[in-house]
Amino acid sequence: MSVPTVSATGLLAYIVDHAVTAVAASSTFQDLTGAEDATEALDYIYRDYVSLEDENENTSTAPMPRAIVRLNEEAQLSLIDVGAWSSSGTIQVILESTIPEDYQQASNDSAADRKAKINAEAIWWLNTISGIVYDVATGVL
């Protein structure tokens, strides 16, 4: 089966396409995915959603880490006059990753070690998300 070639030409598709490009250009996202560059990072970005059958990371066609870039449910585009558009809404970037080995809990961990690993993982994840947002906000394009 061949996959059709489709380009982002409509306004909403164009907006999502640019958000995808911005996330792929993020050096933090590239580090997270192990991508060598923005082109390779595109392999880890999906538009709109990942199907339930793709949720199993072991058999998924959308393996983690990954980003899902989409418009929120309230996004609207209205023709207000010939050639003039009004739009509103928010771009959502959903980031998903497995827990790095350093933060995984072992059965012989003490309660204090489990808590420390959970806290360290949370800070690592917040730093990662913050790095991606910073990269995109500071104009990596």
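Let me begin with Trp124, which is partly exposed, its relative accessible area coming to 21%, and I should say at once that what we are looking at is a predicted model. The label is worth a moment of care, because buried is reserved for residues under 20% relative accessible area, and Trp124 at 21% is therefore counted as partly exposed.

Staying with that residue, the structure holds two aromatic pairs. In one of them Trp124 and Trp125 are partners, with 5.4 Å from centre to centre and 35 degrees between the planes, so that the pair counts as tilted. Taken together with Tyr103, these two tryptophans make up one aromatic cluster.

Now to helix H4, which runs over residues 111-137. Its 27 residues reach 39 Å from the first C-alpha to the last, close to the 39 Å expected at 1.5 Å a residue. Which residues of H4 are buried? Among them are Thr128, Gly131, Ile132 and Asp135, and the buried residues of this helix pack against helix H2, residues 27-33, and against strand S5. Just after H4 comes Gly139, whose phi is positive, at about 75 degrees.

Strand S5 takes us to the sheet, an open one in which three strands follow the order S1-S2-S5 with mixed pairing. Strand S1 (45-47) and strand S5 (91-96) stand at the edges, and because each has a single partner strand, one side of each is left without a neighbour in the sheet. From one strand to the next the twist averages 20 degrees. Between S2, which covers residues 66-71, and S5 the pairing is antiparallel and extends over six bridges; for Arg70, the bridge partner in S5 is Gln92. Helix H1, residues 11-25, packs on this sheet and touches S1, S2 and S5, while its direction makes about 155 degrees with that of S2.

Finally, the interior. The largest nonpolar core has 14 residues, and Val23, Phe29, Ile45, Ala67 and Val69 are those with the most contacts inside it. H1, H2 and S2 each supply at least two residues of this core, and H1 gives the most, with five. What does Ala67 touch, once residues up to four places away in sequence are set aside? Ala67 is in contact with Val23, Phe29, Tyr44, Ile45, Tyr46, Ile94 and Leu95, and of these partners Val23, Phe29 and Ile45 are also listed with Ala67 among the residues having the most contacts inside the core.

How values were computed. Residues are numbered from 1 along each chain as its sequence is written. This is a predicted model: local features need pLDDT of at least 70, side-chain atom pairs count only at pLDDT 80 or more; totals for chains, interfaces and linings use all residues. Side-chain values use heavy atoms; hydrogens and water are left out. Rings of Phe, Tyr and Trp (its six-membered ring) pair if their centres lie within 6.5 Å; planes under 30 degrees apart count as stacked, over 60 as edge-to-face and the rest as tilted. Buried means under 20% relative accessible area, exposed over 50%, partly exposed in between (1.4 Å probe, protein chains only). Two strands pair if DSSP finds at least two bridges between them. Helices (H or I, at least four residues) and strands (E, at least two) are DSSP runs, numbered from the N terminus. Axes are lines fitted to C-alpha atoms, for helices over the stretch in contact, and angles run from 0 to 180 degrees between N-to-C directions. Contact means heavy atoms within 4.5 Å. The expected span of a helix is 1.5 Å times one less than its number of residues. A nonpolar core is a set of buried Ala, Val, Leu, Ile, Met, Phe, Trp, Tyr and Cys residues joined through side-chain atoms within 4.5 Å.
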